[in-house]
Amino acid sequence: MSTKWTFLLPVVVVLNLIDLTQCFIPTFLSESDSISHKEITIKAILQKTAEVCRDIAAANEQDFSLTIDDSLTIEQVHEVCSSTQGTSFVLSSFLFHSSIQDIYSENARVDSQFRLSAERHFDDETFQAGRNIITLGIADVKENVRMENFVTGRLILGTILHTLQDFYSHSNWVELGNMAPYNTLITSEQPLENLAGINIPTCRSCVDNVCDDNILPNVLENRLLTSGYFSPFSSEKPDGKCSRGGSADRTSETEPIGGIGKDTIDSDHGSLHNQAANLAVTATMELLENIRIAEGDENFLRLMGLFQSPVLCFVIDTTSSMEDEIAEVQRLSSEIIESRRGTLLEPPAYILVPFNDPDFGPLLRTSDADFFIEAINNLTASGGGDVLEMSLSALQLALTGAPPLSDIFVFTDAPPKDAFLKSTVTALIEERKSVVTFMLTNVESGRRKRELEGVMSQVSLLGASQLYRDLSRASGGETIEVSDREFALATSIIEDSLRSATVIVFQEERSNPQSFQFTIDNSLENVIISITGNPDLTFNLTSSTGVSQSSNESSGPLASLIMAGTLHRLILNSDSETGLWKISVDSEDPYLVRITGQSPVNFISNFVEAREELNAFFPKDGRPFSGSNVTILITLTGGDSVTLSEVTLYDSAGPTEVNGTSEFIGETDYLVTFHEIPEGSFALRLRGINNLFDSTPSMFQRQAATQISTSTVSVTAEVNITNIEPNSTVFIPFTISISSRGVTNETTDETFTVCATNDRGFESSSPTSVTVEADSGGKANGTLSLTVPENAETGTDVTLTIEVENTISADINFAVLRFGVANRVSDSFPPVCRDVSTSNCPPSSSPCNSSQWEFVVNVTAINGVSRGNVTILSGSGTLNTSTVVGPAGENITVASYRASCCADRVELSAVDSLGNEAICVGQARESTTNAPTTPTTPTPTNVTTNTTGTGGHTVSTTLYVWIPIVILPLLR
C-alpha cells in the first residue's frame, strides 16, 4: 500500500531589513567592482557553451577561432555557435539571451524566496543539506531535459546554481588554500570529509573590524571545513563558531565577533571575494559539464536556448465544418517542416492541441518532426454539436504546455463556448509572453450570425470575433478572418511569424482614420506591414524620401500587396530606404497595423523590484499596481554597439503616453523606471541607436509583443519548494492586497473571486472568494491545494495559475507558479563497467596504423535501472552498443570499441536513466605476453548505437595489453 504525503508550504516572510541579502549580490543596480551571481552564472554558461560548440566544430572538421575565457559576450558565443552549423539566415541572440536571463533570474530569486533557508546558502555549517539540494536538483534538471521541459530545467538549474555559488562565499574553502572547486558538492556518492563538528570552535573575534585572520589556526592546519552562521533575528550561535557577517547578521555581534563572508569586496573577508567568485565560476562550469555529459551536446545547447526558431504550436478546431482548413494546415505543416529540416530554423519542438465539442486536447509535444506530421495528418473533421466550440480551453492548454515566447496559431470557424476563460487566457499570455494569432473562417458570416441567435449571451455583445481580437492584441498577434477559399492565401502570415530574428517595429489598433509614423533602420530586412480590418479599408504608404503607394496598387514603387479577407499584407521592396516612414489608414471600423522585419537588434523586458539599499534587483511577477512606480529591466540584443535612447508606455485608448527614465547598468542592460503609471493596457516601445553596419549611426524603433496591463489588486504566493512528489498534496498559502494610487488601501472592504487552474488537470481546490476587511490592513489570506497523482511521471512540469478578480470593478491580477514532479529515489550509484574481452596489437615490426585492437565492456546500472547510455568521451575509434538480458533479468549494455593501435587509451562515459555517471577507462601497456581473454558476451538483443570518436593520440610502444578497467564515478 502506498503512502500519501501532505505538505504545507509557508509563504515567505517579506522583510525590509537593510542589507538582509548577504551573499554574492544577485544582480547589481549599477556597475560595481564586486562580482554578482548574475555575472558568475553568465561567465560559466558562456564558457561551457563555447566549449561544447568548439567540440562540435572539431567533430565536423570545422574552424573555431573564438578564444574561450571569462571575457566572452553572449553575442560572441551565439555567433560562433551558429556559424558551426552554417547559415545564410538573419540571426538573433534573442532566445539565447532570454534563456540565460531565465537562469540567472531564478538564481536571484533564491535570495527573495529562500532568504532565511540556511541550507540554500550553505550557512550554519549545513553542508549535507546544501549538497542534497544541489544533487537532487541536478537529477531534476536532467529528468526535465529528457522530458524536453527545457524551461523548467532552466528554472531548477538557476536555483541550485545559487546554492553552489554561495558555498564559496560563505564557507572557508578559499581560506583553506583550495585552488579548485569542491566537486564533492555535485556528487552524492562521495563523503563530505573534514567537517568541523558542532562542538569545535572555528573563529576568534575580529580586531578593530579587521577580520583577515579570524579563523582559528587549528582549523586551517587540520583543514576543517566550516561556514558562517547567520540570522537577522537572533544573536545566538554555537560557542566559538564563525558568523557570515554583515550589517543584517545579528550572530556576528556575539563572540566571536565578525564574519568570514566574501560576498562583496567590502565583506569581512572581502579581500578573497574575487578568488571565491572565480572558484564559483569554475564550479558552475563543472556542474554544467555534468549535465552535458549526461544529456548530450544537442540537448545541452537546447537547455541553454541556442536555437533560432520558436516552437511551432497549432491549436486546431476539428469539427466537421473544418475539413478544408485541416487539409490546408496539413499541407502547410509539411511544407514548413521540410523547408527547415536540418537548418537553424528547424523548430526545437512541435505542439498540437486539437479541440471539438465538448472535448479539447490532449496536448502533443514532440521534437520529432515526422511524428508531428503524422499526428497532423491523422486529424479528421467530425462532430461539433452546436455552433460554439472549446477554443479557449484548448488555447489555455497550449499556453501552459508551450514554452514562453512561443508563436501559437489557432484555427477555427466558431465562436468560443468557454468565453468565461478570457481573463485566465489573458493572464497566461502576459505571463508566458507568447504571441497568439487567430485564423478564422466564416466566424461572422451571415450563416453563422443566424446560427448564433439565442447563444450570443455566452460570447458577450462584443461580437463573435471581437474576443479573439482582444486576445491577439494583448499578445502582439493578429486575428485574420477569411472565407474558405481565401484561407490558403492567408496562411502566409504563419511563415512570416516563423522567420528567424523576427522583430516588431510598430503595432497599434485604432477605429478611426489615422496616420502612423515608424522608423526603418539599416539592420532591418524583409519588412512586412500587415493591416487587419474591414476588407474595404484604404491606406497610403509614404517612404522616408517622400515616395508614396496607395492601397489600389498591388505592386508599386514601395511594396507588393496581398489581400485575403481582413488581411492587407504589404511586403516592402528589398531596396527600401531607411528613415522615418508613414502609413495613413482610412477606416471607421476597428483595424490593427503591425509592422515586422528581421533584425539582430531586439530587446527583452521583465518587471523587477529594485532594492537600492542592496544595490540589487529581483524578478517581479504579475501585473503592476495602477498608480505605482514600475521598474523594467531592458536587455538589448545585437551587441554593445546598440544603445538605448528612450522608452515609453503607450495606450492608444487614451491615448496616453508615459515616458520612462533609463539607467545603464552594464553590458547591454538598462533599468527603466516609470513613475505613477495610470490604469490601462500599454504597449512598451523603445528607440535607440544602432552602429552595427556602417559608420553612420542609425535610429531604430522596436515594440514589445505583449501588452502591459495595470491592476489595483495583487496576489502573491511564494513557496519554498520547486518539486512535488507523486501521490502527495501541497497546500499553498496566498495573499491578496488592494491598492489606491500604488499604495496599499488599508480602509477598503471588498470581495474577490479566486480561480486556481493547472495545466495537467491535477486535483486542486481553492476558496471561490476572499474578502479584504476594512480593518485588515488592505490584505486577505487564503490557501489552495494541489494533489499530484501516484502515476505522475518524474520530469513532468506543472503550471498553476491563481487568478483574482474584483467582483465590483472586474479588475484582475494573477500569480503563476511552476513545479516539477520528482520522485525522490535512493539510487545515487554510478553504473558498473566490467571488462569482457580485449585483443592485442602486433609487435613493433608492424606499423601501428596498419592494425586495430578491440575491447568489449559490459555496463550495468545499479538497482535495475534499465537505461545505460554509453558514449565515447575520449578516443578516436568506433563504438557499437547493444542490449542484452543478464542472468538475473537485468539489462546490460554491451559496448564494443575498436580503434587503431596508434591510440593507446579510451574513456567511455556511461550514464544510467537517473543521470548517474561513470567513466570506463582502458589503458594499454607494453607486454611480452598475449593479452588475456574472457568468455564471450551474451547474444545481443538489439543494436542501439554506432559512434565514431574524435580524440586519440599516437604511442611508441610495440606491444599492447589492456589493464583492468578503471571506474571513475562522475557527478550525479
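Select Cys-81 to begin: at 3% relative accessibility, under the 20% cut-off, this residue counts as buried. The model is a predicted one. Now add Cys-53, the partner of Cys-81 in a disulfide with sulfur atoms 2.0 Å apart. The two cysteines join distant parts of the chain, 28 residues apart: Cys-53 sits in helix α1 (residues 37-59) and Cys-81 in helix α2 (residues 74-83). Look along the S-S bond of Cys-53 and Cys-81; the torsion is about 110°, so this disulfide is right-handed. Cys-53 is also buried, at 1% relative accessibility.

The structure holds three disulfides, so two stops of this kind remain.

Next, select Cys-203 and Cys-242, a disulfide with its sulfur atoms 1.9 Å apart. This pair too links distant parts of the chain, 39 residues apart, with Cys-203 in the loop between α5 (150-170) and α6 (217-221) and Cys-242 in the loop between α6 and α7 (273-303). The torsion about the S-S bond of Cys-203 and Cys-242 is about 90°, so the link is right-handed. Cys-203 is buried at 7% relative accessibility, and Cys-242 is buried at 0%.

Then move to Cys-206 and Cys-211, whose sulfur atoms lie 1.9 Å apart in a disulfide. With 115° about the S-S bond, the link of Cys-206 and Cys-211 is right-handed. Cys-206 is buried with a relative accessible area of 15%, and Cys-211 is buried with 3%.

Two further cysteines end the tour. Select Cys-313, which counts as buried at 0% relative accessibility. Finish on Cys-755: buried or partly exposed? At 36% relative accessibility, Cys-755 counts as partly exposed.

How values were computed: Residues are numbered from 1 along each chain as its sequence is written. This is a predicted model: local features need pLDDT of at least 70, side-chain atom pairs count only at pLDDT 80 or more; totals for chains, interfaces and linings use all residues. Side-chain values use heavy atoms; hydrogens and water are left out. A disulfide is a pair of cysteine sulfur atoms within 2.5 Å. Helices (H or I, at least four residues) and strands (E, at least two) are DSSP runs, numbered from the N terminus. Buried means under 20% relative accessible area, exposed over 50%, partly exposed in between (1.4 Å probe, protein chains only).
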